[in-house]
Amino acid sequence: MVYYQKMTPQGYQKIKDEIADLKKDRPRRIKILQEARSLGDLSENTEYTEAKRDLGHLQSRLRYLEKQLKYAEIIEKKADGKVDLGKTVTLKFADDPETETYQIVGRMEADIAAGKVAFDSPLGQAIMKKEVGKTVSVAAPAGEYQVTIERID
């Protein structure tokens, strides 16, 4: 059975952009490796070792990202009034008078500092498929807390 990675169209595009950037950088790194190789004895040539390692990291990252695209399942937003992948939600935490706004994204796109929460994180799981006004309990590693869905965009 193949497991497809759910992601937003923006997340898919971000991966495609990173692949394009890495492919543009590959010739430069190959040239650095060739120049370092021409310096002589490879057993004690740190420039060669570093250039080879850097090119290997680039190739590895490319393979990883291409596999992510191959097994990506792009989820489009639905206008059903429920929290789902790609939607932006405004939440009110029980112990905080301020509201927080998050976009629900795939696992690969998650970045809490940028306001992106994975749909399969404890918070994401608790609010998925819920509607505005619903208060849910989130079972997080640091303890349980309550959150109310104020708005869904």
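**Figure 1. Lys 78 and its contacts in a loop of the predicted model.** Leaving aside neighbours within four places in sequence, Lys 78 is in contact with Asp 84, Lys 87 and Lys 129. We're in the loop between strand E2 (72–74) and E3 here. With a relative accessibility of 45%, Lys 78 counts as partly exposed. For a sense of distance, take Ile 127: 49 residues separate Lys 78 from Ile 127 along the chain, and their C-alpha atoms are 16 Å apart.

**Figure 2. Lys 129, a non-glycine residue with a positive phi.** The phi of Lys 129 comes out at about 65°, although this residue is not a glycine. Look for Lys 129 in the loop between H3 and E6. Its relative accessibility is 45%, so Lys 129 counts as partly exposed. Lys 129 also turns up among the contacts of Lys 78.

**Figure 3. An open sheet of 5 strands.** Reading across the sheet, the order is E5-E4-E3-E7-E6, and the pairing is mixed. Strand E5 (116–118) and E6 sit at the edges with a single partner strand each, so one side of each has no neighbour in the sheet. From one strand to the next, the twist averages 45°.

**Figure 4. Strand pairings from E5 across to E7.** E4 and E5 run in the parallel sense, with 3 bridges between them. One residue pair to pick out here is Val 105 with its bridge partner Ala 118 in E5. E3 and E4 pair in the antiparallel sense over 5 bridges, and these two strands form a hairpin with 5 residues between them. Across that pairing, Thr 88 stands opposite Gln 103 in E4. E3 also pairs with E7, again in the antiparallel sense and over 5 bridges. There, Lys 92 has Thr 148 in E7 as its bridge partner.

**Figure 5. Gln 103, a buried residue in strand E4.** Gln 103 belongs to strand E4. Its relative accessibility is 17%, and buried means under 20%, so Gln 103 counts as buried. Not counting residues up to four places away in sequence, Gln 103 touches Thr 8, Gln 10, Gly 86, Lys 87, Thr 88, Gly 115, Lys 116 and Val 117.

**Figure 6. The largest nonpolar core, with Val 147 picked out.** This core has 19 residues, and those with the most contacts inside it are Val 83, Val 89, Leu 91, Ile 104, Leu 123, Ile 127 and Val 147. Two or more residues come from each of strand E3 (88–93), strand E4 (99–105), helix H3 (122–127), strand E6 (135–140) and strand E7 (143–152). Zoom in on Val 147 and, not counting residues up to four places away in sequence, its contacts are Leu 91, Lys 92, Phe 93, Leu 123, Ile 127, Lys 134, Thr 135, Val 136 and Val 138. Another core, of 9 residues, lies apart from the largest one; among its members are Met 7, Leu 65, Leu 69 and Ala 72.

**Figure 7. Helices H1 and H2 packed against each other.** Helix H1 (residues 9–37) and helix H2 (residues 46–70) pack at an angle of about 160°, and their axes are 9 Å apart. Angles over 145 degrees count as roughly antiparallel, so that's the label for H1 and H2. The crossing of H1 past H2 is left-handed.

Note on methods
Residues are numbered from 1 along each chain as its sequence is written. This is a predicted model: local features need pLDDT of at least 70, side-chain atom pairs count only at pLDDT 80 or more; totals for chains, interfaces and linings use all residues. Side-chain values use heavy atoms; hydrogens and water are left out. A nonpolar core is a set of buried Ala, Val, Leu, Ile, Met, Phe, Trp, Tyr and Cys residues joined through side-chain atoms within 4.5 Å. Buried means under 20% relative accessible area, exposed over 50%, partly exposed in between (1.4 Å probe, protein chains only). Helices (H or I, at least four residues) and strands (E, at least two) are DSSP runs, numbered from the N terminus. Contact means heavy atoms within 4.5 Å. Two strands pair if DSSP finds at least two bridges between them. Axes are lines fitted to C-alpha atoms, for helices over the stretch in contact, and angles run from 0 to 180 degrees between N-to-C directions. Angles under 35 degrees count as roughly parallel, over 145 as roughly antiparallel, 65 to 115 as roughly perpendicular and the rest as oblique. A crossing is left-handed if the near helix is turned anticlockwise from the far one by less than a right angle, and right-handed if clockwise.
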